[in-house]
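Here are my notes for you, written to be read with the model open beside them. I have set them out as numbered points so you can take them in any order.

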Amino acid sequence: PNISIGIPVVASLRAATQATLDVHLMIEEPERYVKEFVGAGADVVTVHPEATPHIHRALDRIKDAGALCGLALNPGTPLEHAIGLLPVLDLVLIMSINPGFGGQQFKPHALDRLRAMRRAIDASGRQIALEVDGGINLSTIGDAIEAGVDLLVAGSAIFKHPQGPEVGVRELLASLPG
């Protein structure tokens with residue numbers, strides 16, 4: 001139920017940048033906060049199906065507030081939770097760790113999940129972004145891209161880099177193909 005990076009932080013970030021703000025709400029009943037997060041500047045709001053008894057309502061609130069909507073799937077959440085919602089989704093986030101703590105190791109079975117979700121998204125004919133979060137670093141970034149992701153979330157590889165976050169970002173960007 002706690003919010004670590006809340007509405008005031010999103011508002012401060014929005015005041016400092018025009019970059020897309022992708023807000024991943026790992027909270028219970030996220031639909032209670034959607035309007036405030038979007039009002040603060042969130043462009044994309046991603047929620048977990050386990051976090052609400054009414055996932056369609058939560059996704060509708062995101063759309064009604066004027067943001068793109070995403071669905072996050074934990075490592076143990078069946079992909080079918082997202083496949084049935086592809087007609088309304090703008091983003092599917094595959095968690096490659098169990099959420100909650102930074103620094104965890106990438107779960108290799110996430111690659112199979114990413115490939116399967118990429119196939120489902122492509123078959124839907126819709127423009128839906130595929131995102132991965134958890135354990136993304138120099139050792140895992142290439143495999144994730146090969147599996148078809150569009151967006152990568154890296155935390156520890158950047159913020160715990162021994163030479164500082166700037167070097168962490170540069171190294172990850174330099175490892176990207178093309």
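The points below start with the sheet, go strand by strand, and then turn to a pocket and a few single residues.

1. Please keep in mind from the start that this is a predicted model. Everything below describes that prediction.

2. Let us begin with the sheet. Six strands make it up, in the order β1-β2-β3-β4-β5-β6, and the sheet is open with parallel pairing. The edge positions belong to β1 and β6; each has a single partner strand, so one side of each is left without a neighbour in the sheet. On average, neighbouring strands are turned by 25° against each other, with direction ignored.

3. At one edge, β1 pairs with β2 in the parallel sense, and four bridges connect the two. If you would like a landmark for this pairing, D22 has V44 of β2 as its bridge partner. The two faces of β1 are worth a look: V23 and L25 make up the covered face, whereas D22 and H24 are on the uncovered one.

4. Which residues does V23 of β1 touch, beyond its neighbours within four places in sequence? The contacts are V10, F37, A42, V44, V45 and T46. V23 has a relative accessibility of 11%, and because the cut-off for buried is under 20%, V23 counts as buried. For a sense of distance, the C-alpha atoms of V23 and I5 are 9.2 Å apart, with their positions 18 residues apart in sequence.

5. Further into the strand order, β3 (residues 68–73) and β4 (residues 91–95) are parallel partners over four bridges. Here A72 is matched with L93 of β4. L93 also has a bridge partner in β5, namely E131, so you can use L93 to step from one pairing to the next. Helix α3 (residues 55–64) lies across β2 (44–47) and β3, and runs at about 145° to β3.

6. Is β5 mostly covered or uncovered? Strand β5 (residues 129–133) is mostly covered, with five of its five residues buried. Both of its faces take part: A129, E131 and D133 are buried on one side, L130 and V132 on the other. You may like to note that the list of buried residues includes E131 and D133.

7. The pairings of β5 run to both sides. Five bridges join it to β4, in parallel, and three join β5 to β6, also in parallel. In the second of these pairings, V132 stands opposite L152 of β6.

8. L152 comes up again in the second largest pocket, whose space is about 160 Å³. The lining consists of I136, I141, L152, V153, A154, I158, V169, L172, L173 and L176. Two elements, β6 (151–153) and α8 (165–174), give two or more residues to this lining. Helix α8 gives the most, with three residues. How many of the lining residues are nonpolar, polar or charged? The split is 10 nonpolar, no polar and no charged residues.

9. Now for an arginine in a helix: R113 is found in α5 (residues 110–124). R113 has a relative accessible area of 11% and is buried. Setting aside residues up to four places away in sequence, R113 touches L73, N74, P75, T77, L79 and I94. By contrast with those contacts, E50 is 18 Å from R113, C-alpha to C-alpha, and the two are 63 residues apart in sequence.

10. P99 has its place in the loop between β4 and α5. With 28% relative accessibility, P99 counts as partly exposed. Beyond its neighbours within four places in sequence, P99 is in contact with M26, H48 and N74. The C-alpha atoms of P99 and M26 are separated by 8.1 Å, although the two residues are 73 apart along the chain. N74 is also among the residues that R113 touches.

11. A last item for your checking list is the backbone at E29. Phi of this residue is near 50°, a positive value in a residue other than glycine. E29 is found in the loop between β1 (22–25) and α2 (34–40). E29 is partly exposed, and its relative accessible area is 38%.

Definitions and conventions. Residues numbered from 1 in each chain as written. Predicted model: local features only at pLDDT ≥ 70, side-chain atom pairs only at ≥ 80, totals over all residues. Heavy atoms only, no water. Buried < 20%, exposed > 50% of the residue type's maximum accessible area, 1.4 Å probe, protein only. 1 Å grid on protein atoms, 1.4 Å probe; cavity = no way out; pocket = protein on both sides within 12 Å on 5 of 7 lines; lining within 4 Å. Points joined across faces, edges and corners; volume = space filled by probe spheres on them. Nonpolar A, V, L, I, M, F, W, Y, C, P; charged D, E, K, R; others polar. Pairing = 2+ DSSP bridges. Axes fitted to C-alpha atoms, helices over the stretch in contact; angles between N-to-C directions. Contact = heavy atoms within 4.5 Å.
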